[in-house]
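Here is a short tour for anyone who likes to see how a fold is put together from its contacts. Have the sequence and the coordinates open as you read.

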Amino acid sequence: MLRASLREVSAALKEGRVSPTELCRRCLSLIKSTKFLNAYITVAEEAALKQAEESEKRYSRGQPLGVLDGIPIAVKDNFNTAGIETTCASNMLKGYVSPYNATVVQKLMDQGAVLLGKTNLDEFAMGSGSTDGVFGPVRNPWSYSRQYKEKSVPKSDSEDEESNWVITGGSSGGSAAAVSSFTCFAALGSDTGGSTRNPAAHCGLVGLKPTYGLISRHGLIPLVNSMDVPGILTRCVDDAAVVLGSLAGHDLKDSTTIQDSFKPFELPNLTDISKLSIGIPKEYHAPGLSSEILAVWSKAADLFKSAGAKVIEVSLPHTRYSIVCYHVLCAAEVASNMARFDGLEYGHRSDMNKSTESMYAATRREGFNDVVRGRILSGNYFLLKQNYENYFIKAQKVRRLIANDFVKVFRSGVDILLTPTTLSDAVPYMEFIKEDNRTRSAQDDILTQAANMAGLPAINVPTALSERGLPVGLQFIGRSFQEKQLLTVARWFEKQVKFPMIQLEVVKRHDHDVVQHQKSASFS
């Protein structure tokens, strides 16, 4: 049952083949046995079981709240949750318990979803590996899959084997690991420059970044207000559409959300794609793109072409400047947002009491890691009076040019853009940490952050396994607020490639009653 899709489990709950409490207990048990992945920071066992019991009562009365009623989910630990600690994987917020739920969390609870816990991340979501939080790095479940173990070079001793695990990507790596290891059926991430799509690609998941303004940011602890979007991680496109339907729409508490009401939609079966125009942006053939990813990207384009779609090369000329522009704007907004953590209202407070200024300085030195402090310093430098015009204002102008590139391409008749999500498959942890966070982020965000700067919807779809037996994903970028079209095309593609399910031995032991889905890796 843990391997089933969200819709399949929902049907099983309605038919009484499994109870919400039984399902919740199985997920909690699996969280304990996969603790070595370090996917969760906080497991809300007692609260989750209570929610499951309430769901069970609703099912017994024949009055479930919807498709999500009784479905175990997880939430990235930078969304506020009433009664459950919210840490952002930082010493600054250790012990902080919010008095309210983020809007997206509340919407899930209102639909009857069962919140299992809060997932691990890079500190304050600043990173692309989920390796820089105070609770330690997250391990990619695929490191322990039969597919990876069969392809990886055997090590001489167990210590070497132990260091051979690969990263999840970030910063929503905990949420990705939680869904990938079957401990929950969907998870919330956040996406500022690719933080949902990147780990989705590395963990073999669907990772959806909706249009900016479609989902409320209220209660998401901000990184970059003008780019942050709550992201959705699931094991198939249909499930992402279900979760999107319960989250999207106007929120009085977030003035950046759309005013129009949002109607959840069923994804149609796409049988004729001859009227579809797929754009292949030449600038996404970026330096460092592995030959493997390039081959998968080319095969995907050929797949659309052979099915009758129009596939054309397009140009987004300002893409080459986007990563630099992104980091200037990101650092500037980080500097502004992090100013709230001063040791006065909430969070960590230093014992330093010589003066208010020394207390501020000591609190921030003790509370933030090097990565966060570095971004704050960079941002304040860009915002200095003598630098403001040369850095921040110029970056804003370039951002507008980047957004206009997308507008021009979509106006030319292109429906969807097809690009790689990452430059390569997931790298081993020991290799990943050889480079600093800033260097890694500049490499890993290069193919994803432009969609955030333009506010466009984008989705990662798991596509094939690399030569090392690790997931490779491709990214689809759509027009603003055209999630239905984007997800419909993504679902068609998902059905064509038949990405194989992860074969985790630890899950087999927990879920022996379920026949393993043997999908063929026909696209590899």
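## Ser 190 and its surroundings

Ser 190 is buried, with a relative accessible area of 3%, in this predicted model. The residue belongs to strand S4, which runs from 186 to 191.

Which residues touch Ser 190, once neighbours within four places in sequence are set aside? The contacts are Lys 76, Asn 78, Phe 79, Ala 125, Ser 172, Ser 195, Thr 196, Leu 220, Val 229, Pro 230 and Gly 231.

## Helix H4 under cover

Strand S4 also turns up in the cover of helix H4. That helix spans residues 103–110, and its buried residues are Thr 103, Val 104, Val 105, Lys 107 and Leu 108. Besides S4, the elements covering these buried residues include strands S2 (72–76), S3 (114–119) and S6 (229–234), together with helix H9 (237–247).

After H4 comes Gly 112, which has a positive phi, near 90°.

## Overall build

Let's step back to the whole chain. The protein's secondary structure comes to 19 helices and 11 strands. For 524 residues, a compact globule would have a radius of gyration near 24 Å, and the protein's 22 Å agrees with that. Along the principal axes, the C-alpha atoms fill a box of roughly 65 × 60 × 55 Å.

Of the 524 residues, 61% are buried. Among contacts with a separation of 6 or more, 78% are between residues 24 or more positions apart. The accessible surface comes to about 20,800 Å², and carbon and sulfur atoms hold 51% of that area.

## The nonpolar core

How many residues make up the largest nonpolar core? The count is 164, and the members with the most contacts inside this core are Leu 116, Phe 124, Phe 304, Phe 406 and Phe 476. Helix H11 (residues 322–337) gives the core its largest share, nine residues.

## Ile 416 in strand S9

Phe 476, one of those well-connected core residues, is also a contact of Ile 416. Ile 416 is found in strand S9 and counts as buried, at 0% relative accessibility.

Leaving aside neighbours within four places in sequence, the contacts of Ile 416 are Ser 277, Ile 278, Gly 279, Phe 410, Phe 476, Ile 477, Gly 478, Gln 485, Leu 486 and Val 489. Tyr 429 is another story: 13 residues separate Ile 416 from Tyr 429 in sequence, and their C-alpha atoms are 34 Å apart in space.

## Salt bridges

The structure holds 13 salt bridges, and three of them are worth a visit. Glu 22 pairs with Arg 26, with the closest N and O atoms 3.0 Å apart. Both residues sit in helix H2 (residues 20–33), four residues apart, about one turn of the helix. As a general point, an α-helix has 3.6 residues a turn, so residues three or four places apart point the same way. Glu 22 itself is partly exposed, with a relative accessible area of 35%.

The salt bridge between Arg 58 and Asp 69 has its closest N and O atoms 2.8 Å apart. This pair links distant parts of the chain, with Arg 58 in helix H3 (residues 45–60) and Asp 69 in the loop between H3 and S2, 11 residues apart. Are these partners buried or exposed? Arg 58 counts as buried at 14% relative accessibility, and Asp 69 is buried with a relative accessible area of 0%. In the third salt bridge, Asp 415 and Arg 479 have their closest N and O atoms 3.5 Å apart. Asp 415 lies in the loop between H14 and strand S9 (416–420), and Arg 479 in the loop between strand S11 (471–477) and helix H18 (483–497), so the pair ties together parts that are 64 residues apart in sequence. Asp 415 is buried, with a relative accessible area of 12%, whereas Arg 479 counts as partly exposed at 27% relative accessibility.

## A nonpolar patch on the surface

Which residues form a nonpolar patch on the surface? Tyr 381, Leu 384 and Tyr 391 do, with about 270 Å² of accessible area together. Tyr 391 has its place in helix H14 (residues 389–411). This tyrosine is partly exposed, with a relative accessible area of 31%. Since patch members need over 30% relative accessible area, Tyr 391 at 31% qualifies on that count.

Notes
Residues are numbered from 1 along each chain as its sequence is written. This is a predicted model: local features need pLDDT of at least 70, side-chain atom pairs count only at pLDDT 80 or more; totals for chains, interfaces and linings use all residues. Side-chain values use heavy atoms; hydrogens and water are left out. Buried means under 20% relative accessible area, exposed over 50%, partly exposed in between (1.4 Å probe, protein chains only). Helices (H or I, at least four residues) and strands (E, at least two) are DSSP runs, numbered from the N terminus. Contact means heavy atoms within 4.5 Å. Patches are made of residues with over 30% relative accessible area and no salt bridge: like charges are joined within 9 Å, nonpolar side chains (Val, Leu, Ile, Met, Phe, Trp, Tyr) within 5 Å. Accessible areas come from the Shrake-Rupley method with a 1.4 Å probe; for residues, only the protein chains shown count as cover. A salt bridge is a side-chain nitrogen of Lys or Arg within 4 Å of a carboxyl oxygen of Asp or Glu. A nonpolar core is a set of buried Ala, Val, Leu, Ile, Met, Phe, Trp, Tyr and Cys residues joined through side-chain atoms within 4.5 Å. The radius of gyration is taken over C-alpha atoms; the globule rule is 2.2 Å times the number of residues to the power 0.38.
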